[in-house]
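Student: I should like to go through this structure and ask what justifies each term used to describe it. May we start once it is displayed?

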Amino acid sequence: MAEAKRIGVLTSGGDCAGLNAAIRAVAYRAIEGYGFRVFGIHHGTHGLMETPVAAEELTLDRFDGNILRMGGTILGSMNRGDPFAYPMPDGTVKDRSDEIIDGYRELGLDALIGIGGDGSLAILRRLALQGGLNLVGIPKTIDNDVDKTENAIGYVTAVDVASEALDRLQPTAASHDRVMVLEVMGRNAGHIALSAGISGGADAILMPEIPWTMEGLSEKILDVRQNGRNFALVIVAEAAQLPDGETVGRRRSDGGFSFGGVGQRVSEMIEKSTGAESRVTVLGHVQRGGAPAPRDRLFASAFGVCAVDLVAQGRFDRLVVWSNRECRDVPLADGIATSHRVDPQGTLVHTATGLDIYIGDPGASGAV
Ligand code: F6P
């Protein structure tokens, strides 16, 4: 009898809600649907670098309980340490890509399903091309910036969390006559801010894709007051630039850049220019944790099943995507070629302006 196919699954990059639902779907489809064996690799590609490889065989009893509903990833993840320029303890960088390829061979894998954002998927693809690995990608990221998919796993939950935060800020803003500023994640994309701002009733939405001015924002807040409302809600994407072009964040010790702090700066500017009292809330990783929203479980489950189907068909170097109400697949290279950012001419920007939400100037030069 022929040996069962062996497929690996890993989660790579920043975690988000819905990853466990995707791992579960991969295991179900592979084991029940095709009789494959499934190996969960720990901490993304790092598990394949270890000796022996850090992985566990996944069996369906692992998924009997609460895993579908759980945030995080049972496999662990890693968003540091590019294997092609891996930072070593002595301060040097080393190309460790061959160790990962060796790990794939050591596990005897016939295929690998990588659940990641555009950065992680690009690294996985490079590894696959170098080592001849059979790779299928599943898009996940709260930022929702993976191109060619309407939804990446984790985005819906993050928007729900941010919308709920605005729901909670509104009564306290009204009680104290304040302008509440909510800073949300999203890296270089303003999708979370835009969607949550619309659904959570924000008066202003500031995003990295659309330039804004302090005069415009102040005018909006003063208008709200003049019209008899004593409070306002402002949502700011972490990478939104200040009017002078500054991006707020910090250089990390590993050389990378972490966004954070723009909300505080905007809040101070509002106080100064309008005289209104303002407070800031930074949602941070709260947007990534917690139970996945049902729609994220749904996307994750569909992606997991479709990804295993691609493996069974021998169709590799593909990315499963959600498009036009269906799970489809595209060349992985197309999914990672460009980052999907807010379209200043798109429906949601049009919706926001139609609701008289201040978003800056979508037509301004420099808007992407
Ligand atoms: O890409 C997901 C994300 O949560 C971004 O929205 C955010 O800028 C970043 O990751 C935070 O990364 P870390 O968990 O390393 O602080």
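Tutor: Please begin with serine 77; note that the model is predicted. A polar atom in the side chain of serine 77 is 3.2 Å from the backbone oxygen of threonine 11.

Student: Why is the pair formed by serine 77 and threonine 11 called a polar contact?

Tutor: The limit for a pair of N or O atoms is 3.5 Å, and the distance here is 3.2 Å, so the pair qualifies as a polar contact. The backbone oxygen of glycine 13 is 2.6 Å from a polar side-chain atom of serine 77, which is also within 3.5 Å.

Student: Where is serine 77 found, and which residues does serine 77 touch?

Tutor: Serine 77 belongs to the loop between β3 (55–58) and β4 (86–87). Leaving aside residues up to four places away in sequence, serine 77 touches Thr11, Ser12, Gly13, His43 and Gly44.

Student: What makes the approach of glutamate 238 to the ligand a polar contact?

Tutor: A polar side-chain atom of glutamate 238 is 2.5 Å from a ligand oxygen; the cut-off is 3.5 Å, therefore the term applies. The protein covers 82% of the 400 Å² of accessible area that the ligand has on its own.

Student: How many residues of each class form the shell around the ligand?

Tutor: The shell has two nonpolar, three polar and five charged residues. Among the residues surrounding the ligand are Arg80, Gly186 and Glu238.

Student: Why is Gly186 counted as polar?

Tutor: Gly is placed in the polar class by definition, so Gly186 counts there.

Methods. Residues numbered from 1 in each chain as written. Predicted model: local features only at pLDDT ≥ 70, side-chain atom pairs only at ≥ 80, totals over all residues. Heavy atoms only, no water. Near = heavy atom within 4 Å. Polar contact = N/O pair within 3.5 Å; in protein donor to acceptor, adjacent residues only side chain to side chain. Areas by Shrake-Rupley, 256 points an atom, 1.4 Å probe, with all protein chains shown as cover. Helix = DSSP H or I, 4+ residues; strand = E, 2+ residues; numbered from the N terminus. Contact = heavy atoms within 4.5 Å.
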